[in-house]
Amino acid sequence: MSTKVRKMLFILSKATIENVYAAFVMANGARMEGIESEIFFTFFGLEAIQKNKLEHLRVATVGNPALHIPTMIGGLPGMEALATKMMKKEMEKLDMPPIGEFLEILSDSGCKLWGCKLAIDMFHLKKEDLIDDLDGIITIGDFYNRANEDGTQMLFI
Amino acid sequence: MKKVFINKEVDVNEEGYLIDFNQWDREVAECIAGECEIVMEEKHWEVIEYIQEKHQNSEPLSIRGIKKSGVINIKEFYGLFPGGPLKKATMIAGIPKPKSCI
């Protein structure tokens, strides 16, 4: 392996579908290159590991100029659902797994999945609300300590 | 680029992947595996045959596909080919490195 990257640590703080997939694709891509990877889910990123929410993540249609939908129209009822449906359809064509399956793939691939203690307390979440594949609930300090080898990179999403 | 394994000369690209699948046989595969520090056993061959078949049918290879393969699960796959399983398995199988990001 020629890359000097040995470990990728991701902090996922958002729950819009494009951000969650960005984290997942990069974390999985790292494992497939023989690079270690871990994800720390905090704030809205926690939606991606809540059993009853993870399949209902959406694309933001307001405040997202790259979608080229005028803001007033993007705010109409049903627009988010429609845009999300279209995006999911395109993802399926590329064989991108849905969130739940992607989490299973990541966990089976050896990517560690962590919940942020502070945010979990703040949102009054219980362990049972979160996916079974979660490796634990830790603090940001604990997560920094996971950066324990040369060639570790940390990304905030 | 030429590469010599035991008594056989094969053509590989700069990453070490065979260019011509006709030059592939189990001995070549074992030599490539050896370079990846993998000792080929029955389960490895099963996976290699599976991905060769996929390739022959022009079906793209992905980690999701491995999950659905029925041949092996993802954990075992990482266990058999440590450090980039799809990359290594395709190299041993004598087929091109998959271009997929997933």
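1. A:His124 sits in the loop between helix H5 (117-122) and strand S4 (136-138) of chain A. In this predicted model, A:His124 has a positive phi of about 55° although it is not a glycine. For background, most residues other than glycine have a negative phi. A:His124 is exposed, because it has 7 other C-beta atoms within 10 Å and a residue with 12 or fewer is classed that way.

2. Chain B offers a similar item to check. B:Ser58, also a residue other than glycine, has a positive phi near 55°. B:Ser58 is found in the loop between H2 and helix H3 (63-68) of chain B. With 6 C-beta neighbours inside 10 Å, B:Ser58 counts as exposed.

3. A further positive phi belongs to A:Asp95, which comes just after H3(A) and takes a value of about 65°. The helix before it, H3 (residues 79-93) of chain A, is made of 15 residues. From its first C-alpha to its last, H3(A) reaches 22 Å, close to the 21 Å expected at 1.5 Å a residue.

4. On the other side of H3(A) in the sequence is A:Gly75, in the loop between helix H2 (71-74) and H3 of chain A. A:Gly75 counts as partly exposed, with 13 C-beta neighbours inside 10 Å. A:Gly75 is 13 residues from A:Val62 in sequence, and their C-alpha atoms are 6.0 Å apart in space.

5. Next, the interior. The largest nonpolar core has 53 residues. Those with the most contacts inside this core are A:Phe10, A:Val20, A:Ala27, A:Ile39, A:Phe41 and A:Ala48. Helix H1 (residues 17-32) of chain A gives the most to the core, with seven residues. As a general point, nonpolar side chains tend to be buried together in soluble globular proteins.

6. Which residues does A:Ile39 contact, leaving aside its neighbours within four places in sequence? The partners are A:Phe10, A:Leu12, A:Ala23, A:Ala27, A:Cys111, A:Leu113 and A:Trp114. Two of these partners, A:Phe10 and A:Ala27, are named with A:Ile39 among the core residues with the most contacts.

7. A:Ala48 lies in the loop between strand S2 (36-41) and H2 of chain A. Is A:Ala48 buried or exposed? With 26 C-beta neighbours inside 10 Å, A:Ala48 counts as buried, since the cut-off is 20 or more. Not counting residues up to four places away in sequence, A:Ala48 touches A:Leu12, A:Ala15, A:Val20, A:Phe41, A:Leu54, A:Leu57 and A:Ile99. A:Lys14 is 34 residues from A:Ala48 in sequence, with 8.7 Å between their C-alpha atoms.

8. A:Ile99 belongs to helix H4 of chain A and counts as buried, with 21 C-beta neighbours inside 10 Å. Apart from neighbours within four places in sequence, A:Ile99 is in contact with A:Val20, A:Ala48, A:Leu54, A:Glu55 and A:Leu57. A:Gly74 is 25 residues from A:Ile99 in sequence and 24 Å from it in space, C-alpha to C-alpha.

9. The contact between the chains takes 13 residues from chain A and 14 residues from chain B. On the side of chain A that touches chain B, H1 and helix H4 (99-108) each supply at least two residues. H1(A) gives the most to that side, with four residues. By class, the side of chain A that touches chain B has five nonpolar, five polar and three charged residues. H1(A) is thus named twice in this note, since it also gives the most to the largest nonpolar core.

10. Within chain B, helix H2 (residues 42-56) and helix H5 (residues 85-93) pack at an angle of about 80°, with their axes 9 Å apart. H2(B) and H5(B) are therefore roughly perpendicular to each other. H2(B) contributes B:Val47, B:Ile48, B:Ile51 and B:Gln52 to the contact, and H5(B) contributes B:Ala89, B:Thr90, B:Ile92 and B:Ala93. By class, this contact has six nonpolar, two polar and no charged residues.

11. B:Ala29, in helix H1 (residues 26-35) of chain B, is buried, with 21 other C-beta atoms within 10 Å. Not counting residues up to four places away in sequence, B:Ala29 touches B:Trp24, B:Met40, B:Ile48, B:Ile92 and B:Gly94. Of these, B:Ile48 and B:Ile92 also take part in the contact of H2(B) with H5(B). B:Gln56 is 27 residues from B:Ala29 along the chain, and their C-alpha atoms are separated by 17 Å.

Definitions and conventions:
Residues are numbered from 1 along each chain as its sequence is written. Chains are lettered from A and ligands numbered from 1 in the order in which they are written. This is a predicted model: local features need pLDDT of at least 70, side-chain atom pairs count only at pLDDT 80 or more; totals for chains, interfaces and linings use all residues. Axes are lines fitted to C-alpha atoms, for helices over the stretch in contact, and angles run from 0 to 180 degrees between N-to-C directions. Angles under 35 degrees count as roughly parallel, over 145 as roughly antiparallel, 65 to 115 as roughly perpendicular and the rest as oblique. Two residues are in contact if their C-beta atoms, placed from the backbone, lie within 7 Å. Ala, Val, Leu, Ile, Met, Phe, Trp, Tyr, Cys and Pro count as nonpolar, Asp, Glu, Lys and Arg as charged, and the others, Gly among them, as polar. A nonpolar core is a set of buried Ala, Val, Leu, Ile, Met, Phe, Trp, Tyr and Cys residues joined through C-beta atoms within 7 Å. The expected span of a helix is 1.5 Å times one less than its number of residues.
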